[in-house]
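Trainee: Take me through one part of this model in detail. Start with a strand pairing, then work outward to whatever packs elsewhere in the chain.

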Amino acid sequence: ETRGGIDQSRPERARDFDERARADGEREREEGGMAEQRRALLPFLQRAEEVQKVEPRIAYYCRLYAVEEGLKLQNRDKAIDELLFSVMDKLESYKSKNTLVPEEDKLQLEGFALKIFDRADRVDRAGRADMSTCKAFYAASVFMEVCTQFGDLDEDLLGKQKYAAWKAADIRKAIREGRKPTVGSGVLEKNYEAGDKVVCKEGESALPVEGAVLSAMGSTFLVSLPSGTKELKGTQLAVLARPGSTVIYTKDGKEEEGKVLSMDTTVWPPSYEVEKASGGTISTEEQHIRVTAPAPTPPAPAPPANLAAMDLGRKPEPVAPPPAPASPASAPPMAMPSPPAAAPPPKAVPGYVPSLLQMNDAQRQAKVAVSSLGFQDYKSAIDYLHKALKLLTSPQ
């Protein structure tokens, strides 16, 4: 109907349009919220599907973590609730047929995540990173996050989880920009191996002392020191390069041989003065040198037979031989001190079977014992062997 040339139905049509637009906006917001909630869960559910056939136990914990995270979501969409219910059914089905041992399962999940991380890291450091490497780093970061349902990650695992997530994004960005991904992180990483000679600084006010690396455990190292065996962080260690040591000096991708003139441990990290083969000296830090040959140990000079005669330029007078020892008949037998009795090994508890966690810990203790023997530290070796035996023979 029109009145005065004005269509009176237009306000109603305008209101209908506004209502439809409002409804469409609410539906889009709901769909957007659902999509956001789904994105929060999909990484864990996708990892579960990927490893279901080969690692069903790990798939179980990925789904369990997804459910735990899903239940924390506010204003969950009905579709998300239905998804969570279906995942719960899978969890109950697996749990009814399998026994869960949290401590052992935690080790299995951490080991699986680290295996994927190490594989991707080796490819990256070889300069062959591609989209598959990117996906592997991302998967490793997700599996490490799943480990948090057992408790906070230790410092090493947390650092690798953050690095893997960052590395995945960095490789993806490089590929999209059409450039070669950067190898590693560009940050100095301590990679000491068993047998490496190092200088150690245990505390702010402590004097640096020499030591030898027994084993590496992520970002920490087991080091044999004059005071005993200790576990130290990489920041507390520096490579030992005595004056005369041959090194490879690296700067801006170029390598050059050189010799260490001095090592200054009054500052930390220490500085090294290196004489380059091409001439000139330079003061540098640990990340720029690699020891290829330690400094030769000079032979101790033999003392002169007769110092006074040498000073006067005369021939040394003959030295009288020492008196002959007394015959066995006249000399009383010498009493030899008896060696100290060794502590008895722990007795095995009948019927006791160590868990996977205890066997892994015992293996680690035994490896440290073997490394200690390599540096003649038999006391530490005995201590670590006793710890390993105790783990394998009696409940803790």
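Trainee: How many bridges join strand β3 to β7, and do the two strands run parallel or antiparallel?

Mentor: Three bridges join them, and the strands run antiparallel. Bear in mind that this is a predicted model. Strand β3 covers residues 197-200. One pairing can be named: Cys-200 has Leu-237, in β7, as its bridge partner.

Now widen the view to the sheet. It is open and has five strands, in the order β6-β5-β4-β3-β7, with antiparallel pairing. Its edges are β6 (228-233) and β7 (237-239), each of which pairs on one side only. From one strand to the next, the twist averages 45°.

Next, another strand. Thr-284 sits in β11, which spans residues 281-284. Its relative accessible area is 6%, so Thr-284 counts as buried. Leaving out residues up to four places away in sequence, Thr-284 touches Tyr-249, Ser-271, Tyr-272, Val-274 and Ile-289. Keep Val-274 and Ile-289 in mind. Both will return with the cores.

Turn to the nonpolar cores. The largest has 41 residues. Ile-58, Leu-109, Phe-117, Phe-137, Phe-143 and Val-146 have the most contacts inside it. Helices supply it: α1 (10-51), α2 (56-71), α3 (78-97), α4, α5 and α6 each give at least two residues. Apart from this core lies another, of twelve residues. Val-274 and Ile-289 are among its members, as are Leu-240 and Val-260. In soluble globular proteins, nonpolar side chains tend to be buried together.

Take one of the high-contact residues, Ile-58. Setting aside residues up to four places away in sequence, Ile-58 touches Val-51, Gln-108, Leu-109, Phe-112 and Phe-143. Two of those names, Phe-112 and Phe-143, come back in the aromatic pairs.

A search of the whole structure finds ten such pairs. Phe-112 and Phe-143 make one of them, edge-to-face, with 5.1 Å centre to centre and 85° between the planes. The pair links distant parts of the chain, 31 residues apart: Phe-112 lies in α4 (residues 102-125) and Phe-143 in α5 (residues 131-146). Are these two rings buried or exposed? Phe-112 has 12% relative accessibility, so it counts as buried. Phe-143 is buried too, at 2%.

A second pair is formed by Phe-117 and Tyr-163. It is edge-to-face, at 6.1 Å centre to centre with 70° between the planes. This pair also links distant parts of the chain, with Phe-117 in α4 and Tyr-163 in α6 (residues 155-176), 46 residues apart. Both residues are buried. Elsewhere, Tyr-60, Tyr-61, Tyr-94 and Phe-150 form one aromatic cluster.

Last, the cysteines. How many disulfides does the structure hold? Zero. Cys-147 is in no disulfide, and the nearest cysteine sulfur, that of Cys-62, is 8.8 Å away. A disulfide here needs the sulfurs within 2.5 Å, so the cut-off is not met. Cys-147 has 1% relative accessibility and therefore counts as buried. Cys-134 is buried as well, at 1% relative accessibility.

To recap the starting point: β3 and β7 are joined by three bridges, and β7 is an edge strand of the sheet.

Conventions: Residues are numbered from 1 along each chain as its sequence is written. This is a predicted model: local features need pLDDT of at least 70, side-chain atom pairs count only at pLDDT 80 or more; totals for chains, interfaces and linings use all residues. Side-chain values use heavy atoms; hydrogens and water are left out. Rings of Phe, Tyr and Trp (its six-membered ring) pair if their centres lie within 6.5 Å; planes under 30 degrees apart count as stacked, over 60 as edge-to-face and the rest as tilted. Helices (H or I, at least four residues) and strands (E, at least two) are DSSP runs, numbered from the N terminus. Buried means under 20% relative accessible area, exposed over 50%, partly exposed in between (1.4 Å probe, protein chains only). Two strands pair if DSSP finds at least two bridges between them. Axes are lines fitted to C-alpha atoms, for helices over the stretch in contact, and angles run from 0 to 180 degrees between N-to-C directions. A nonpolar core is a set of buried Ala, Val, Leu, Ile, Met, Phe, Trp, Tyr and Cys residues joined through side-chain atoms within 4.5 Å. Contact means heavy atoms within 4.5 Å.
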